[in-house]
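Colleague: I have not looked at this one before. Could you walk me through it?
Modeller: Yes, ask as we go.

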Amino acid sequence: CFHAPVSSIMSGTVSTVAEGTLAAQEGHSINAHNRVYKNGAALSHAEKITIGIEYQKAKAEANGGEPSIVALSRACKVSESTVRKIRDEIRDNGRVLSPEEIRNGNKSIVGPGSRALSAVDEAVLYVLYLIDPSRSLSSYRMYLYHLTGTIVDASTIGKWFNHAFPIKGSMRKSCLIPYDKLKPKNILRAIDYIKTIAMMDRSRIKFGDEKHLKGAELYCRKTRRNILTGEVPPILTTPDFRNTYSIIGFCGIDVRTTPMRYGIIEGINDAQSFAMQVQLGVLTGYFQPGDVIVLDRAAIHTGGGNETLEDWLWDNFRIFVLLLPARTPEWNPIELVWNILVQRLRTFSLHLARQFGRHSLVVAS
């Protein structure tokens, strides 16, 4: 697309504007997937069923796992929120609800128990939460009625979660924990790690890891839709938008050295490039005798030519390597550094990034 003639790019833009204008004249809009829809009108029951069928197919292809909402929204040419609503209907009711059922379900219900939650109701809601923290409000409402006979609106349950306690129980993005993290041998390793690191001087501990960097970290962000044409403006990127880089870093609270040491290479990180960064850390004095380097159990740390790295550091420099238990990235503080890096890249000035030209992602990082 970077070699397309200017005339073809301009003609495509004009065509998009014309389509948006034509749709607006008829009281319609065009979504991000070029699907025409009527403003304020809900999908028909047949359209919802079609999306539900695609969701079930994708779930079957994922061996019962959760399919990609983004891919489904793109394939069905609807918003991600629409796919999630239909998914929740299938989860809670086993089928796709008709518009009439949704309207009847949203009607305000009056009668005993329709205005307040008792202590028993609150206990039932909390138990339901413990069973499935991702449960929808309509699911809470249905199970509360079947278990206690209490009838309340979904908004009442939402207010209870958000305002009844000092901590607001709103929906948040959750951490994904693999089952093998809870295997007995991994739990024993975690206990041994805690006992070992508790005996060490915290100022001598330095945590290391690597992260892949892509242009998406810098350039993939939301833009505001044009209020007159409905067009979503494109974002101009540098030619190396799809290039991949790797950053290898170490962090600690040792006052004798800088809090952070890192190196960025082009391409995918491997055992050799990791060993080189460790050696540079030794040569520059970042790693000193008596230090402890904490790493995860990735292959580039312990294999691929680095099988003897641990012995080499100890025999020659009295630097001890301590491996994290399996599946415990949250115990590595450098993950917080990577998180801050990604957040700042997403708000980095695109105008300034384009001025950097090639390798703008590296310069911005």
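Colleague: Which strands form the open sheet, and in what order?
Modeller: The order is S5-S4-S3-S6-S7, so to speak of 5 strands in an open sheet with mixed pairing. Strands here are DSSP runs (E, at least two residues) and helices are DSSP runs (H or I, at least four residues), numbered from the N terminus. Two strands pair if DSSP finds at least two bridges between them.

Colleague: Which strands are at the edges?
Modeller: S5 and S7 (320-323), as each of them pairs on one side only. On average, neighbouring strands of this sheet are turned by 25° against each other, direction ignored. Axes are lines fitted to C-alpha atoms, for helices over the stretch in contact, and angles run from 0 to 180 degrees between N-to-C directions.

Colleague: What kind of model is this, and how are residues numbered?
Modeller: It is a predicted model: local features need pLDDT of at least 70, side-chain atom pairs count only at pLDDT 80 or more, and totals for chains, interfaces and linings use all residues. Residues are numbered from 1 along each chain as its sequence is written, and side-chain values use heavy atoms, with hydrogens and water left out.

Colleague: Back to the sheet. How does S4 pair with S3?
Modeller: S4 and S3 (residues 205-214) are antiparallel, over 9 bridges. Within that pairing, lysine 211 has isoleucine 247 of S4 as its bridge partner.

Colleague: And with S5?
Modeller: S4 and S5 (residues 260-266) are also antiparallel, over 7 bridges. Isoleucine 247 has isoleucine 264 as its bridge partner in S5, and serine 246 stands opposite isoleucine 265.

Colleague: How many residues of S4 are buried?
Modeller: In S4 (residues 244-252), 8 of the 9 residues are buried. Buried means under 20% relative accessible area, exposed over 50%, and partly exposed in between (1.4 Å probe, protein chains only).

Colleague: Which strands does helix H11 lie across?
Modeller: H11 (residues 271-283) lies across S3, S4, S5 and S6, and runs at about 145° to S5.

Colleague: New topic. How many aromatic pairs are there?
Modeller: A search of the whole structure gives 12. Rings of Phe, Tyr and Trp (its six-membered ring) pair if their centres lie within 6.5 Å; planes under 30 degrees apart count as stacked, over 60 as edge-to-face and the rest as tilted. One of the pairs is phenylalanine 250 with phenylalanine 287, edge-to-face at 5.0 Å centre to centre and 90° between the planes.

Colleague: Where do those two sit in the chain?
Modeller: Phenylalanine 250 is in S4 and phenylalanine 287 is in the loop between H11 and S6, 37 residues apart. Both are buried.

Colleague: Why is the pair of phenylalanine 348 and phenylalanine 356 called tilted?
Modeller: Because their planes are at 40°, with the ring centres 6.2 Å apart. Phenylalanine 356 is partly exposed, at 30% relative accessibility.

Colleague: What about serine 73, buried or exposed?
Modeller: Serine 73 is buried, at 2% relative accessibility. This serine is in helix H3 (residues 69-76). Leaving aside neighbours within four places in sequence, its contacts (heavy atoms within 4.5 Å) are His33, Val78, Ser79, Glu80 and Val83.

Colleague: Last one: how many disulfides?
Modeller: The count is 0, where a disulfide is a pair of cysteine sulfur atoms within 2.5 Å. Cysteine 76 is buried at 18%, and cysteine 251 is buried at 10%.
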